[in-house]
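Please open the model in your viewer and set the side chains to be shown as sticks. The tour below moves from one group of aromatic rings to the next.

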Amino acid sequence: MEHVKRYHSLKTIVNGRELLIEGPISGSELASYRFDDGLKAFRIPEQQHQALIEIADLPEGRIIVAREDDLVLGYVTFLHPDPLERWSQAQLPDLLELGAIEISHLIRAGGVAKKLLEVSFADDAMEDYIIITTEYYWHWDLKGTGLDVWQYRKVMEKVMGSVGMVWMATDDPEICSHPANCLMAKIGKRVPPESVEAFDGMRFQNRFLY
C-alpha cells in the first residue's frame, strides 16, 4: 500500500499566540523546531521530540504539529499500532492508530486539539484507512486539567467525535480493565470490506462457546 501524505495547514490565535497548525511534516522539519518543556505526558520532552522525528519518517507515520514560530506547542501522531498490541495482529496496512495527542498548558482550552485533528483529516488519503484510538485513563492529565476521569473521557469523546470517530465495543483486556477506557475508530470511505472484517475480528477475540 502506498501511504500518500498531503500537507495541510491553518492558522489560529490562542491566548495571544499566533499558531500554525500543519502537517504531515517530515522528520527533518520536526528536528529543526524546538519542543515545549510542557510536552511531557509520555516521556521527557527531549525523548518525545526524538520519538516524533522517528515516527514522521516512517512510511505510514504522520505528525501534525501546532507551533508558534519554531516552538512546537502541540502535536498528534498517526502510525501503525505497536506490534505488541492486538490491533497489529492482522497486520493491516490500512489501519493507523492515533497514538498520542498532547497540548502544552500554554495553549490549553483553545480548541487546539480539534484543530490538530481537523488538519489531520483534511487529507483525503485518510479515507483509505481505519483510524483507531485507544483511550486509557492513566495517560490522561487529570491533575493538570482538574478534571475527573469521566469529565476527561467526555472531553476526549467530543474532540475525537469532531472528525467522526465513534466509540466501538471490544473485549480487549486493557480497555476492559476500567470503564472509562475506550476504543474509538473512524472507517474511511474507501476501506475495503475485508479490512473492516479483519478489524472486527481483532475487536472481539474472547467469544464464548455455548
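**A tour of the aromatic rings**

Begin by selecting Tyr136, Tyr137 and Trp138, which ring pairs link into a cluster. Keep in mind while looking that this is a predicted model, and that a search of the whole structure finds six aromatic pairs.

Next, select Trp87 and Phe199, whose ring centres are 6.1 Å apart; their planes meet at 45°, so the pair is tilted. This pair links distant parts of the chain, since Trp87 lies in the loop between strand E5 (71–79) and strand E6 (95–103), while Phe199 belongs to helix H7 (residues 193–203), with the two positions 112 residues apart. Are these two residues, Trp87 and Phe199, buried or exposed? Both Trp87 and Phe199 are buried.

Without leaving Trp87, add Arg86 to the selection: the charged end of Arg86 sits over the ring of Trp87, at 5.9 Å from the ring centre.

Now move to Trp140 and Tyr152, and turn the view until both rings can be seen along their edges. Trp140 and Tyr152 form a stacked aromatic pair, with 5.1 Å from centre to centre and 10° between the planes. Here too the pair links distant parts of the chain, 12 residues apart, with Trp140 in the loop between strand E7 (130–135) and helix H4 (142–145) and Tyr152 in helix H5 (residues 149–161).

Finally, colour these two residues by accessibility. Trp140 is buried, because its relative accessible area of 9% is under the 20% cut-off, and Tyr152, at 15% relative accessibility, counts as buried as well.

Methods. Residues numbered from 1 in each chain as written. Predicted model: local features only at pLDDT ≥ 70, side-chain atom pairs only at ≥ 80, totals over all residues. Heavy atoms only, no water. Phe/Tyr/Trp six-rings, centres within 6.5 Å; stacked < 30°, edge-to-face > 60°. Helix = DSSP H or I, 4+ residues; strand = E, 2+ residues; numbered from the N terminus. Buried < 20%, exposed > 50% of the residue type's maximum accessible area, 1.4 Å probe, protein only. Lys NZ or Arg CZ within 6 Å of the ring centre and 35° of its normal.
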